[in-house]
Amino acid sequence: MANTDFGTQFFDEMTVTHFDGQVWSATDFAPSDRLPLHPATHVLHYASTCFEGMKAFRTDKGDINIFRLDDHIKRMQNSARGLYLPVPDAEQLKGMIIDLLEKYREQVPAFPGAAYIRPTLIGTDPSIGGAASPSTNAMLFVLISPVGDYFTVGEGMRVVVNTEDLRCAPHFGAIKSGGNYASALGLVMKAKAAHNAQQVIFAPNGDVQETAAANCLLINDKEILTKGLTSEFLPGITRDSILKVAKSLGYQVNERDISADELVEWCKTGEIALSGTAAVLAPVTEVVYKDSIHTVAGGSQAPNTLKLRQALNDIQCGKVADEFGWVTSI
Ligand SMILES: Cc1ncc(COP(=O)(O)O)c(C=O)c1O
């Protein structure tokens, strides 16, 4: 499956639960190709929504390895709190994911393919009067999409460093909510049109944060460097995993502020990588800053980036023992 098709095919069913203001209903299976909603539904007007994106991998033994299930659920609960939506019950959501994967386990592709798991929470009050009030009713569903490898080794990736704009409202950066992507989209489109770039690194006032859909890591033979977590950007689970794997391989891990000038300087000798569930860890090959193009020394075959990516993939697909306790095997 080509990466252009990413997220366009789904298991025939999804798992669903509804919150009625008091309790979550028992989990149901439902067709995954329709969602009847009243046109006044809160989410359609006031963006009361959050979601997660995680992957499950088929191992050589035929097990299905869900990667960092508990951590994704925790992040979703945090997003729900930020939106004043009913917080999903962790055990129920875990069951919704596992039961759906169990039922359709034959459709989980072989590695480097995976099942991309998309739990989604929406506010369902049928009221357009709720601009200043949270939705008390909600729906939680889990969609699963069989996907191929999002990343092809050897492809170039040009990114623009934008020091003027924010990806989203700063107090909302750690929440995985659709509005943040809508907020960044126009800026990514402008970077594509002006510089033929694939992504934007948001660095408001020179403070390097993340792109519209991935975290940003500076890597060389000895060190891995990335901004420490704040409420302004998403605490990526791939970011956290790569930092821990890097530490275990003897890299020095530094979480601190990085300026746009420092990032551009880093291009001369190091590697720059974007991390996220879909692409895992992908090398940046060119950085556009103040209208100049800087070639990243590591290039598209960035050795440390690809080594770390491989080390993480090996844990995900069960090739090496999971000493971190990240995998839920079913
Ligand atoms: C804005 C943003 N930052 C970072 C990430 C990386 O997060 P994770 O590694 O948990 O997938 C994502 C998406 O997946 C994202 O949408």
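## Overall build and one five-stranded sheet

Of the 330 residues in this protein, 54% count as buried. Keep in mind that we're looking at a predicted model. DSSP-style bookkeeping gives the protein seven helices and 17 strands.

How does the overall size stack up? A compact globule of 330 residues would have a radius of gyration near 20 Å, and the protein comes in at 20 Å, so the two agree. Contacts reach well along the chain, too: among those with a separation of 6 or more, 72% join residues 24 or more positions apart. Here are the whole-protein values side by side:

| Property | Value |
|---|---|
| C-alpha trace span along the principal axes | about 55 × 50 × 30 Å |
| Radius of gyration | 20 Å |
| Exposed area | about 14,500 Å² |

As for what that exposed area is made of, carbon and sulfur atoms supply 51% of it.

Now for the sheet. Five strands form an open sheet in the order E12-E11-E10-E13-E14, and the pairing is mixed. Strand E12 (252-255) and strand E14 (280-284) sit at the edges, each pairing on one side only. On average, neighbouring strands here are turned by 25° against each other, direction ignored.

Let's zoom in on the E14 end. Strand E13 (residues 271-276) pairs with E14 in the antiparallel sense, over five bridges. Which residue in E14 is the bridge partner of Leu274? That's Ala282.

There's a helix on this sheet as well: H7 (residues 303-316) lies across strand E10 (215-219), strand E11 (223-226), E13 and E14. Relative to E14, helix H7 runs at about 170°.

Notes: Residues are numbered from 1 along each chain as its sequence is written. This is a predicted model: local features need pLDDT of at least 70, side-chain atom pairs count only at pLDDT 80 or more; totals for chains, interfaces and linings use all residues. Side-chain values use heavy atoms; hydrogens and water are left out. Two strands pair if DSSP finds at least two bridges between them. Helices (H or I, at least four residues) and strands (E, at least two) are DSSP runs, numbered from the N terminus. Axes are lines fitted to C-alpha atoms, for helices over the stretch in contact, and angles run from 0 to 180 degrees between N-to-C directions. Contact means heavy atoms within 4.5 Å. The radius of gyration is taken over C-alpha atoms; the globule rule is 2.2 Å times the number of residues to the power 0.38. Buried means under 20% relative accessible area, exposed over 50%, partly exposed in between (1.4 Å probe, protein chains only). Accessible areas come from the Shrake-Rupley method with a 1.4 Å probe; for residues, only the protein chains shown count as cover.
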